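Q: Could you take me through the aromatic rings in this model, and tell me how they are arranged and where they sit?

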Amino acid sequence: VLAPVPVAGLAGPVRALWTGHGLAVYRLDDGTTWACGQGLRTMNPQDPQEPERNPRRERGLDGFVDFHLGVDHGFGVDAAGRISAFGRVQGGALGQGETDADLVREWTAMPLPHPVRAMAAAGHHSFAVLVDAATPAAG
């Protein structure tokens, strides 16, 4: 039987949790957002902190209401259904082809023509269904 292990460093009860390959994002009851894991290095490889073990406060993520995390990439969705993305491209382009950069280190708004109705990210791909769109977006 596995016993729960407390996550050191979180400053309050967790309201929501999102996980991906090597990255975890926590939303606390006070509305603050924290993250830990190797994926933080994808966002900022020059960061001197060691994020693997201890969650750290990520103020730039507070505006998102949902997250979808894959291998070395992630998406944040705000209340209006707009998507921002970060991460490493694995053959193709991150965020429906808006960028051909190999690595997007900061959360970057994706200029999709409609808000997102539903989204999923896994492995090296993602999928979004847009409001008022006949065809889903994939990237």
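A: Happy to: here is a close look at the aromatic rings, followed by the strands.

One note before we start: this is a predicted model, where local features need pLDDT of at least 70, side-chain atom pairs count only at pLDDT 80 or more, and totals for chains, interfaces and linings use all residues. Residues are numbered from 1 along each chain as its sequence is written, and side-chain values use heavy atoms, with hydrogens and water left out.

A pair of aromatic rings is described by the distance of the centres and the angle of the planes. Rings of Phe, Tyr and Trp (its six-membered ring) pair if their centres lie within 6.5 Å; planes under 30 degrees apart count as stacked, over 60 as edge-to-face and the rest as tilted. You will find two aromatic pairs here. In one, the ring centres of Trp18 and Phe67 are 4.8 Å apart with planes at 65 degrees, so this pair is edge-to-face. Because Trp18 belongs to strand β1 (residues 14-20) and Phe67 to strand β5 (residues 64-69), the pair ties together parts that are 49 residues apart in sequence. Strands (E, at least two residues) are DSSP runs, numbered from the N terminus. Phe64 and Phe67 have ring centres 5.7 Å apart and planes at 75 degrees, so they too are edge-to-face. Trp18, Phe64 and Phe67 thus form one aromatic cluster. Both Trp18 and Phe67 are buried (under 20% relative accessible area, 1.4 Å probe, protein chains only), and both Phe64 and Phe67 are buried.

As for the strands, an open sheet of four has the order β1-β2-β3-β4, with antiparallel pairing (at least two DSSP bridges between two strands). Its edge strands are β1 and β4 (56-57), each pairing on one side only.

Conventions:
Buried means under 20% relative accessible area, exposed over 50%, partly exposed in between (1.4 Å probe, protein chains only).
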